[in-house]
Each structure stands twice: as structure tokens, then as C-alpha cells.
Amino acid sequence: MSIRLQIIDEVIQREGGDKFTDRAEDRGGPTRWGVTQATARQFGYTGHMRDYPKAEAIKVYTSYWNRLRLSTIEVFDADLATYLFDYGVNSGPSRAATDFQRLLNVLNDRQKLYPDVKADGAIGPRSLSALESYIKARGAGGKRLLAEAVNSLRIAHCITLAERQESQEANAYGWLSRICNL
């Protein structure tokens, strides 16, 4: 099994497997395989979410994987790819990519290591080049720091969500537990 398929399968399991959910506290609404109804509709699914096929969920997750350029990132660091993917699944690939780019920019020592990248949520050649330069300069410890910093920004985002909308406090413990135990 490829790393991509393994990571997708792990996300599906963290999301409850084939269990259909529709909790009032979950802003995502009806969900199966971890895919919300709104996302399923964006990808062309028109049926009831109770019947949503796993193969369709895998297509959604594969599109997130590709959008985040994780096949390239995993070569540099599998943990970073895992963290970015899980972040992208829960908060959208654009937010995960933007936070990743922001981190690359603040970790480049005022552009001494590599030029800033545009934090636009679209990981392209410049972001990947910056990652490569960052890892060459910072080594294994830098890879670990970058991966953990991604999770730190993710935690901050979850806290902000719960602060802005009190009903989301019902999800906060689960969100933070998921991130910390990834």
C-alpha cells in the first residue's frame, strides 16, 4: 500500500470509518467516511450521505492530497505530509497550505535561507523549493520543528473556532485530542 493510501485510510478510520453521522454540533452536517455532504456535493455526489461510497471519499481525499502536493512533501518528511493532510481534511487544503507557507516564510531567517513564498494556499514549485532549502539548512531537527509548528497553528485555529462560536466547544476536546495524538 502506498503512503498516500495508508494515510487516507488512517484519516478515514479517525473520521469514524463507514459510520454516518449528523450531529447538531458538527457544522459539517451529514458526514460519512469523514466527508461532509457539502464536500460530496462539490464532487458531484447527489445521493443520501448514508449511502456515500468509500470510493467517492477516496477521490475527495486524493484530490486534497494532490492539491497539497503531498507526494513531493512526503519524500522530504512523511510526518509533515501526514500533518498537512489531516489539517487539510479538517480545515480545508487551502488553510493547511497557507499556514505551511506562512511557516516557511517566518523560518527563512529574513530570506537568508530562501526567498519568501506567497502565502496563497496553493503549494507550487516555489513553496516546494523553499521546503527543500529549509530542510537542507535545518536538517532533521528542522523537519520535526516544521511538522510540529503546522500542528501548533492548527491547534490555534481550532481554539479560535471554539472561541468565536461557543457551540463549537462541544468539538474542541476531540479536535485537540486528534491533533495531539496524530
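Buried means under 20% relative accessible area, exposed over 50%, and partly exposed in between. Keep that scale handy for the close-ups of this predicted model.

**View 1. The whole chain, eight helices and three strands.** Here's the overall layout of the predicted model. Eight helices and three strands make up the fold, and going along the sequence they come in the order α-β-β-β-α-α-α-α-α-α-α. With a radius of gyration of 17 Å, close to the 16 Å that the globule rule gives for 182 residues, the chain is as compact as a globular protein of that length. Along its principal axes, the C-alpha trace covers about 50 × 35 × 25 Å.

**View 2. Inside and outside of the chain.** Of the 182 residues, 43% are buried. The accessible surface adds up to about 9500 Å², and carbon and sulfur atoms own 49% of that. Take the contacts between residues at least 6 apart in sequence: 54% of them join residues at least 24 apart.

**View 3. Charges across the chain.** There are 25 positive and 22 negative side chains here, and the centres of the two sets sit 5 Å apart. Twelve salt bridges turn up in the structure. The next views zoom in on some of them.

**View 4. R178 and E15, a salt bridge across the sequence.** The closest N and O atoms of R178 and E15 are 2.7 Å apart, and the two form a salt bridge. R178 belongs to helix α8 (residues 169–180), while E15 is in the loop between α1 (3–14) and β1 (20–21), so this pair ties together parts that are 163 residues apart in sequence. How accessible is R178? Its relative accessibility is 15%, and because the cut-off for buried is under 20%, R178 counts as buried.

**View 5. The surroundings of E15.** Stay in the loop between α1 and β1, where E15 has its place. Setting aside its neighbours within four places in sequence, E15 is in contact with W33, G34, Y61, V89, N90 and R178. Which residues share a salt-bridge network with E15? They are R14, D86, R154 and R178, linked together with E15. For a sense of distance, pick out I155: C-alpha to C-alpha, I155 is 18 Å from E15 in space, with their positions 140 residues apart in sequence.

**View 6. R144 and D79, a bridge between two helices.** R144 and D79 form another salt bridge, with their closest N and O atoms 2.9 Å apart. This pair links distant parts of the chain, 65 residues apart: R144 is in helix α7 (residues 125–164) and D79 in helix α5 (residues 78–91). Are the two partners buried or partly exposed? R144 is partly exposed at a relative accessible area of 38%, and D79 is partly exposed too, at 35%.

**View 7. R102 and D99, a bridge within helix α6.** Here R102 and D99 make a salt bridge, and their closest N and O atoms are 2.7 Å apart. Both residues are in helix α6 (residues 93–106), and because they are three residues apart, about one helical turn separates them. The two ends of the bridge have their own accessibility values: R102 is partly exposed, with a relative accessible area of 42%, whereas D99 is buried, with a relative accessible area of 7%.

Definitions and conventions:
Residues numbered from 1 in each chain as written. Predicted model: local features only at pLDDT ≥ 70, side-chain atom pairs only at ≥ 80, totals over all residues. Heavy atoms only, no water. Helix = DSSP H or I, 4+ residues; strand = E, 2+ residues; numbered from the N terminus. Rg over C-alpha atoms; globule rule 2.2 N^0.38 Å. Buried < 20%, exposed > 50% of the residue type's maximum accessible area, 1.4 Å probe, protein only. Contact = heavy atoms within 4.5 Å. Areas by Shrake-Rupley, 256 points an atom, 1.4 Å probe, with all protein chains shown as cover. Lys, Arg positive; Asp, Glu negative; His and termini not counted. Charge placed at Lys NZ, Arg CZ, Asp CG, Glu CD. Salt bridge = Lys/Arg side-chain N within 4 Å of Asp/Glu carboxyl O.
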